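Me: Could you take me slowly through one part of this protein, the part that holds the metal, and then show me how it sits among the other contacts in the chain? I am in my first year, so please go step by step.

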Amino acid sequence: MFLPSFLVVLVLAALVVASDFYKILDVHKSASDKDIRTAYKRLSKKYHPDKNKDPGAENRFVDIARAYEVLSDPTKRQIYDRHGEEGLKAHEGGQNQPNPFDVFSNFFGGQHQQQVRRGPSSLTEFEVSLADIYQGASIDFMIKKRILCDHCRGSGAASDGDIHTCTGCNGAGVKLVKQQIFPGMFAQSQVTCNECSGRGKVIKKVCPHCHGHKVVDHTAHYTLEVTPGMPEGHEVVFEGEADESPDWEPGNVVLRVRSKKEKGGWRRKETSLYWKETIGVDEALLGFERNITLLDGSNLELKRKGVTQPGFVQVIKGEGMPSFGRRDVKGDLFVEYNVVLPVEVSPELRRKLTDAFRQPSSTHDEL
Ligand SMILES: [Zn+2]
Ligand SMILES: [Zn+2]
């Protein structure tokens, strides 16, 4: 009984040695921090033993946590890239690796949440035509932003070998300086290291791609999905798409959707739509049938019998803006009538109108 189990242990050990953290997270060796976070987010949920009851899921979960723990830490990742897992173990010097469940709960904001520095978010007012809000639309747009330099992965150095521990502070980022307060009396104080600006590291040769700035300008393309009936001022969040920096997790790009002011055309208030229709005096008096073009290009027949007063508002149920999230339920359409009078009245028409309107006592008008 002893021998077979011993063999199993050997086989497992061999597997562990061969593990490739990049493969485990299913990312490329040049993956950005964000790629690694995204991969961890996806895989850790998929293999969490609470959800995934497949045999082996728990082992996968543990491996995924370990891979993430290493690759999300710039120092550990660098050591791993250069010296493999053995080198990393030497570096960790038998320190306990974090519990994979802690890694998971930290990542998803559990009780001991890590303090992640967030970069600034951006808020942009984004104008959309009412027709797009009525029907829904996919609108492509671009944003100029800064992204981590893909050549140096945000280190600012030409290669990993060009990053050296600062000799001024031995990597501590601070220096102890002796200051003379009175003759013969010294005080020791801690100041930020001037040679590395407190980073603890100095770069001997800067990255030729970003000139050591760590980030580069980039034009990113996105698509805004406008859902029918999207409320005025609705905010659409593109998570983690703001400026990147090695010092923070990028903030969000937020678009605040507004409808474009359209001259003399449609107006919208929540799910109500407003339209002004101009009719002639004959139509105002005698009634009419006419078509208007709705925001999706379809026609709607307006019909009135009898007299329509100037400023009269006709309510057409269910022809307004779709409700947000329930496009089949629409608000109402309010059509306000504007009556135009003719600029001139011909003598003949004048006679007829006089006949029509002033029949009993019209004679004195026709001198
Ligand atoms: Zn660079
Ligand atoms: Zn220093």
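Reply: What follows is a walk through the metal sites, and after them the salt bridges and a patch on the surface. Please keep in mind from the start that this is a predicted model.

Let us begin with the stretch that a database record marks out. UniProt, in an unreviewed entry, gives residues 136-219 the annotation "zinc finger region: CR-type", and the feature "domain: CR-type" is also placed by UniProt, in an unreviewed entry, at residues 136-219. In the model, the chain over residues 136-219 is 0% helix and 48% strand, and the C-alpha atoms at its two ends are 25 Å apart.

Which residues hold the zinc ion (ligand 1)? Its protein donors are the SG atoms of Cys149, Cys152, Cys207 and Cys210, which lie 2.2 to 2.3 Å from the ion. The angles among these four donor atoms run from 105 to 117°, and the site is tetrahedral. Along the chain, the donors of the zinc ion (ligand 1) follow the spacing C-x2-C-x54-C-x2-C. Within this set, cysteine 152 and cysteine 207 link distant parts of the chain, since they are 55 residues apart: cysteine 152 is in the loop between strand S2 (137-148) and strand S3 (163-165), while cysteine 207 is in the loop between strand S6 (201-203) and strand S7 (215-226). Are these two cysteines buried or exposed? Cysteine 152 has 7% relative accessibility and therefore counts as buried, and cysteine 207, at 0%, counts as buried too.

The zinc ion (ligand 2) can be read in the same order of steps. It is coordinated by the SG atoms of Cys166, Cys169, Cys193 and Cys196, at 2.2 to 2.3 Å. Here the angles among the four donor atoms are 102 to 116°, and the site of the zinc ion (ligand 2) is tetrahedral. In sequence, the donor residues of this ion are spaced C-x2-C-x23-C-x2-C. Again a pair links distant parts of the chain, for cysteine 169 is in the loop between S3 and strand S4 (174-182), and cysteine 196 is in the loop between strand S5 (185-192) and S6, 27 residues apart. Cysteine 169 has a relative accessible area of 7% and is buried, and cysteine 196, at 4% relative accessibility, counts as buried.

With the metal sites in mind, we can turn to contacts between charged side chains elsewhere in the chain. Side chains of opposite charge can pair when their charged atoms come close. A search of the whole structure finds 18 salt bridges, and three of them are described here.

One joins arginine 77 to aspartate 33, with the closest N and O atoms 3.9 Å apart. Because arginine 77 lies in helix H5 (residues 74-92) and aspartate 33 in helix H3 (residues 33-47), this pair ties together parts that are 44 residues apart in sequence. Arginine 77 is buried, with a relative accessible area of 4%, whereas aspartate 33, at 39%, counts as partly exposed.

Another salt bridge brings together the side chains of arginine 268 and glutamate 232, whose closest N and O atoms are 3.6 Å apart. This pair also links distant parts of the chain, with arginine 268 in strand S10 (residues 267-269) and glutamate 232 in the loop between S7 and strand S8 (234-238), 36 residues apart. Arginine 268 counts as buried at 15% relative accessibility, while glutamate 232 is partly exposed at 37%. Elsewhere, salt bridges that share partners join Glu125, Glu235, Arg256 and Arg258 into one network.

Within that network, the side chains of arginine 256 and glutamate 125 meet at 3.2 Å, N to O. Arginine 256 is in strand S9 (residues 253-259) and glutamate 125 in strand S1 (residues 122-128), so that the pair links parts of the chain 131 residues apart. Both count as partly exposed, arginine 256 at 22% relative accessibility and glutamate 125 at 44%.

Finally, a word on the surface. Leu285, Leu286, Val307, Val345, Leu349, Leu353 and Phe357 form a nonpolar patch there, with about 660 Å² of accessible area together. Helix H8 (281-286) and helix H9 (347-357) each supply at least two of its residues, and H9 gives the most, with three. Valine 307, by contrast, is placed in the loop between strand S13 (299-305) and strand S14 (313-316), and at 49% relative accessibility it counts as partly exposed.

Methods:
Residues are numbered from 1 along each chain as its sequence is written. Chains are lettered from A and ligands numbered from 1 in the order in which they are written. This is a predicted model: local features need pLDDT of at least 70, side-chain atom pairs count only at pLDDT 80 or more; totals for chains, interfaces and linings use all residues. Side-chain values use heavy atoms; hydrogens and water are left out. Donors are N, O and S atoms within 2.8 Å of the metal (3.2 Å for Na, K and Ca); water is not among the atoms, so sites may look incomplete. Four donors count as tetrahedral if all angles lie between 85 and 135 degrees; four count as square planar and six as octahedral if opposite donors are over 155 degrees apart and all others between 65 and 115; anything else is irregular. Helices (H or I, at least four residues) and strands (E, at least two) are DSSP runs, numbered from the N terminus. Buried means under 20% relative accessible area, exposed over 50%, partly exposed in between (1.4 Å probe, protein chains only). UniProt positions are given in the numbering used here, feature names are shortened, and annotations may be inferred rather than shown by experiment. Patches are made of residues with over 30% relative accessible area and no salt bridge: like charges are joined within 9 Å, nonpolar side chains (Val, Leu, Ile, Met, Phe, Trp, Tyr) within 5 Å. Accessible areas come from the Shrake-Rupley method with a 1.4 Å probe; for residues, only the protein chains shown count as cover. A salt bridge is a side-chain nitrogen of Lys or Arg within 4 Å of a carboxyl oxygen of Asp or Glu.
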